[in-house]
Each structure stands twice: as C-alpha cells, then as structure tokens.
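Got the viewer open? Let's take a short walk through this one, selecting a few things as we go.

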Amino acid sequence: MARFIDELKRTHSCGELRLDDAGADVVLMGWVARARDRGGVVFVDLRDRAGITQVVFDKQGDEALFAVGQELRSEYVLAVRGTVRDRGDMKNDKIPTGAIEVLAAEATILNVAKPPVFPIQDEVNATEETRLAHRYLDLRRPVLQKNLQMRAQAYHAARNALHEQGFLEVETPFLVKYTPGGARNFLVPSRASGKFYSLAESPQLFKQLLMVAGFDRYFQIVRCFRDEDLRGDRQPEFTQIDLEMSFVAQDDVFAVCEKLVFRLWKEVLGVDLSEKYPDGTFPRLPFAESMRDYGNDKPDRRFELRHVDLTALTVAHDGGGIGLLAPIAAKFRDGTYREELPEEIVKAIRVPAAHPLSRKQIDELEGFVKQMGAAGLGRAKIDAGGAWAQSPFAKQVTDGFRAAVNEACGAQDGDVLLFMFGGEQLVHTAMANLRLELGKRLGLIPKVGSGGEWELLWVVDPPLFERGEAPGSWVAAHHPFTRPHDACIEHIATDPGTVLCHRYDLVLNGVEIAGGSIRLHDSEVQRKVFSAIGLSEEDAKEKFSFLLEGLSHGAPPHGGIAFGFDRLVMLLTESESLRDVVAFPKTARGNDLLTGAPGPVDERQLSELKIRSID
RNA sequence: GGGACGGUAGUUAAGUCGGUUAUAACGCCGGCCUGUCACGCCGGAGGCCGCGGGUUCGAGUCCCGUCCGUCCCGCCA
C-alpha cells in the first residue's frame, strides 16, 4: 500500500479524463462502483466524488495484477496506475469519461468492503430508514455528493456576499439562558443543582445586543435548535444565515437580502435572476392579501388558482339559501363576528374547464382536505347559463347568490367551483393545501422542485398580534419586540387585532426561506405592546431581563432577518426533503439512526447532574 | 397531542378467505466466459414475517398493546 499512498499520488479524479488525455500515465484512487469479470478481461467502474472512470485489467498482462482485478468487489477501495486509452468504437456515451478507459499497469486494493447494504446509485431503492442507518453509504450516492457540494458553494457565496457588504461575522453562544415563549427549547443540565442551560433556538437576543454594542452590521451562519415536532422541511437542529443591521428601515434589509439571493443563484446555479427581476428587487405582497388569495403567508405564485373569499357575499345574501351557510351569515349580522377579523369564512377555488375534474377526483380531494380536519368539500360544476350541477347546494341556493358567486369567481361554462367554510384557520389551511395539491395534480407545478421557475416575493405587513387561547386575549404573533406601523400604535390598546407590523418573510415557490423584522427600540411603545398581551412591567422584566436592560442603554433603531439555509439549499438542489441536504440528519421523531442518539446515560452521570428519571 | 400509511431474506417488494414446504427480483457465494458498461450463462446459500400479548386445532395473515419509519393537522419561523 505504501507504494501507492506514499510514492504514487493521485494524478486525476475519476471524473476528468477525456480523449485528449489518451496515452497519459495516470494514477486514480476511488471505490469500485461495479466490476464486470468477462473471464479474460475485467472491467471496473472506479468512482470518486467527481465521477466514474472505467479501468481495465487484461489477462494477457501481469498475472498477479490480473488476480487483483478478479478479486475486486463492490465498494472496495482501489488504487490504480495505468495508461489512458482511446475506447474508439467501444466508447460509452452515458458517462462523461466514456471515450477513454485506463488500462491497469499496477494496482492495489487499499481496503476491502462488506457488500453494500444497498446499491450506491442515484435511483433510490432503499427506504429512508436503511439509508439513514448507513448514512456513510447513502452519502456516497452521486446525488447527495452533489447536494453537499452545492451546499458548500452556498456557504461560500453567502459569506463573500455579506463580507463585501460590510457585515461582520460574530459567533454567539449555543448554551444560553432559558427564556420562555416561542419554540420549545432543548435543555442542557448543568452540575449546579436544578439549573439548566438551553440550546439557543436562534441568536435573536444576542444579535440585538450586538447592535446595542455598536456592531452595526452582523451576520453569522449558525446552527439553531428547536425541540418541536419535525417535518420533511424541519430538523431539530438547522442552519440559518442570520443577520442584523442598525440604522435601517425595512427597505434597507430587503436590499441586502436581494443582493444575497441574486449572488447565491448566480454562483451556485449560474442563474441570473435579473432577467426575471430586472430592477434587482422582489415583489411585495401584503400579508392580508396573501391570506385572502392563497390562504397562507407563503404563497406559491408559479400558478394561479387563487382563492375567492365569499364571506362578505354570504353575509349579504344571508347564506344564499344554503342551510350550512345561514348560521355563519347570522353571526356576522348579530355582531358576533366582525368582518375585519372574521372567525369563520367562506372560500372557493375555481378550477377552469381546461382542467376537468371527475367526480372521483373531487372525492379524492375531499378526502385530502378531510385529513386536515375539514368537514367536507363543497362543489359545483357550472352548466350553461350558470346553473350548478353535480352539487348538493344546487337545490338550495338562491338564484341571486348563485349568480353573485359565479361572478365573484369568474366562473365560465364547464368550470368547477370547490368550496369550504368554517373556522378561519381551518379553512385557510385546508384551502391553501388544496390549492397546492390542485397545482400538482393539474400539472401546473412539478411535484418536486422548481420546474426552472423561481418565484420570489416578500410577504409584508402582517398583524403584530394574534388571538390567544383565552377568549378575547392576544399574544404576539412573532415576538413582542417587533416594531408596529406608526399609524397603528394608537390601536395597540384599543384594537390589537388590527395592528400591523414591520415583519417580513421572503418566500420562494411556496417555501418561506427567510423571515425577520424591524425591532422595537422605543420603550414607550414596548410597554404598550406588553400591556396588550397582558404582560406587566414586572413580568416583562422577569422574562426578558437582559434584553430589556440592554435595549435601555442606547439601542439604535435596528432590524434583521434570518434565512433558513437548509431550505435554501433544498430549493437550490431541487431536493424533496431537508434530509437530502444535511449530511447527518435526524428522523421525523428526532432520532439519529446512525449513532442511536438520543440514548440513555448511566446513573453516575445522571447523579452528577442531580437528575433522576421519573419513569 | 391527533390522524393516515408502512415494517416479510443483505436490499426492495408479493403473499388470496387464517391452512400445513413463505415467493420473486436485485445483491451475495461457487463455476464458466477477452469488450463489458444494469454484462451474460449454470449452480447454491440465505428468514426472530419489528417486538409483546391474545383469539384459534392452526396466525406473516384476525384483535389489543408497543417500538420504529414516512406524511398531514396541531406545534414550530
């Protein structure tokens, strides 16, 4: 072995040799992707992260050398020296190196390998469970190699872009003081009895203190920890590009982010976003419009199929003869519900006649929304003259309401209208997901990936407060340090539900890739906000002591944002899951199948931490 | 916390109405083959049917519980 590692160094990767190299003496090292023993000749596909090159062992040469070739099995680690040879008519058009092969002159098996648990190839034919348990094999697959390479390019581009814009990279602690509210924290026991650190769910508080300290423009590519239930696009530890700026308004933050995104797309994908966004900015959509038209705050605008809000029409027509809608209309009439802050709503989606839906397909869609808790999915097919067919509402609906609904939806002959009504959140969630499902089923967007379209937008001006669990109570929608719109400050005490704020999300193809806010540095407004969410001055001091104390020592106006880096890479690589862009991810239950974390620890260690298990 | 689907050979899957020897493909092992490239041909080995309990003359199959994986709602920025 020493001859190869110590004397003969790799001259090329397995992906770079071409016809021009014919005749060259080269040294390759890599893994055996496949060995084909033809009796008198052995062909080996040698793989490293750059690609695959065919190596040939010929029986007519050295006998011992040929024996090495015959011993080779999948995933053996091989070093080979040989001559690059033109394959002529025998070339393989499927791989970039297919015009040549390397005729082995000298070879050593650097290491043997057990047969791979699953084949190392892009077409996944192993379950997620198997792949994660043998992640080092999974990561050998070319797709994942490519994903992590692109991830590395993204780190690099982001750092350069921010350094060039005058940002200072500062690290902040992971082991932090527990603060209530927001995401559940992972706790880390300390040896001091009964005391715990918390793993930082984000550097939020520290970056604001860095602004107080005068660092002006901060960024960090930083791991964050949240002990919440997981999804394909959520890991318990994940990476953010976190940044904060002083003396800025919302537009200043946007400008920095837009430059950053342009840079990432240019350097990672070679895509020039200025073709789509010539003035270098992304469109902005008010939160309220996003909810109205798409049912969520992260609309995928690669396709239409917008929601039509029929709540006001329903009220105007007293339910339009439809038994299920009448009680909702009545509650608006008697003042139980306010039109500005409706607790129940009625919405529709119009599916154009160009995309016909069968009864069976609509039933499937109803099943789809029911699994989100919806009672059902109303439907009506538009017949000649605007009549409703194939609809349980057809017999009840008044002519006036039907005509008004048809007009509001822009319904044409042959279109299908799909309806939902009920609690605002449920209808929004189910209808938002229904819209996406329709988009995929009707082929308006691909099931996975961008389809080459990059629809970026800012969702702006969301409400500062949302309803709390107790009736009539309000809680901070994001966190209570977000700056309200100046015009709304007078309503904080009287009508919290109508207060909008300087919070913003950057959305790409229906995925939230960044979110941030302009922070509240005015302590008088801060007091009003705390009061609206039922937090006394003492409570606030207790909960947020060090931040409030810090802000009182001359905090500049400041604001910032954090990009979900993993999600960004997921989109850049057209991946389906965050697990495909994280080297060692955890499962939906937060387990690491490779190492077995989380695992038990022995009693001695527990007692050192003064911890006892109660079950 | 709630729901849906899944767990059978190393891997991926089939397994009918509960019925006696649990299938297939790929992989693996042995043999043959000088132009393969998903090589081919011949032969072979390989099983805690996730785990625990129950029903039954009999359970991969039915019931209960549990663990694990994926997805959705809640939760989470």
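Which oxygen of RNA strand B has a polar side-chain atom of threonine 587 2.7 Å away? Select threonine 587 and you'll find that the partner is a phosphate oxygen. Keep in mind that you're looking at a predicted model.

Stay with RNA strand B and pick glutamate 228 next: one of its polar side-chain atoms sits 2.8 Å from a sugar or linking oxygen of the strand. Now go to valine 117, where a polar backbone atom is 3.1 Å from a sugar or linking oxygen of RNA strand B.

Time to show the whole surroundings. There are 52 residues around RNA strand B, and the ones that come nearest are Arg34, Arg87, Glu101, Arg226 and Arg234. Color that surface by class and you get 24 charged, 18 polar and 10 nonpolar residues. Elements supplying at least two residues each include β1 (25-37), β2 (41-48), β3 (51-58) and α13 (424-441). Flip to the RNA side: 55% of the strand B atoms within 4 Å of the protein belong to sugar or phosphate, and the rest to bases.

Last stop, a helix pair. Select α5 (residues 142-164) and α16 (residues 565-572); their axes are 10 Å apart, at an angle of about 125°. That angle is why the two helices, α5 and α16, count as oblique to each other. The crossing of α5 past α16 is right-handed. For the contact itself, show Asn147, Met150, Arg151, Ala154 and Tyr155 on α5, plus Phe565, Asp566, Val569 and Leu572 on α16. By class, this contact of α5 with α16 has six nonpolar, two charged and one polar residue.

Terms used. Residues are numbered from 1 along each chain as its sequence is written. Chains are lettered from A and ligands numbered from 1 in the order in which they are written. This is a predicted model: local features need pLDDT of at least 70, side-chain atom pairs count only at pLDDT 80 or more; totals for chains, interfaces and linings use all residues. Side-chain values use heavy atoms; hydrogens and water are left out. Axes are lines fitted to C-alpha atoms, for helices over the stretch in contact, and angles run from 0 to 180 degrees between N-to-C directions. Helices (H or I, at least four residues) and strands (E, at least two) are DSSP runs, numbered from the N terminus. Angles under 35 degrees count as roughly parallel, over 145 as roughly antiparallel, 65 to 115 as roughly perpendicular and the rest as oblique. A crossing is left-handed if the near helix is turned anticlockwise from the far one by less than a right angle, and right-handed if clockwise. Contact means heavy atoms within 4.5 Å. Ala, Val, Leu, Ile, Met, Phe, Trp, Tyr, Cys and Pro count as nonpolar, Asp, Glu, Lys and Arg as charged, and the others, Gly among them, as polar. A residue is near a molecule or strand if one of its heavy atoms lies within 4 Å of it. A polar contact is a pair of N or O atoms within 3.5 Å; within protein, one must be able to donate a hydrogen and the other to accept it, and residues adjacent in sequence count only if both atoms are side-chain atoms.
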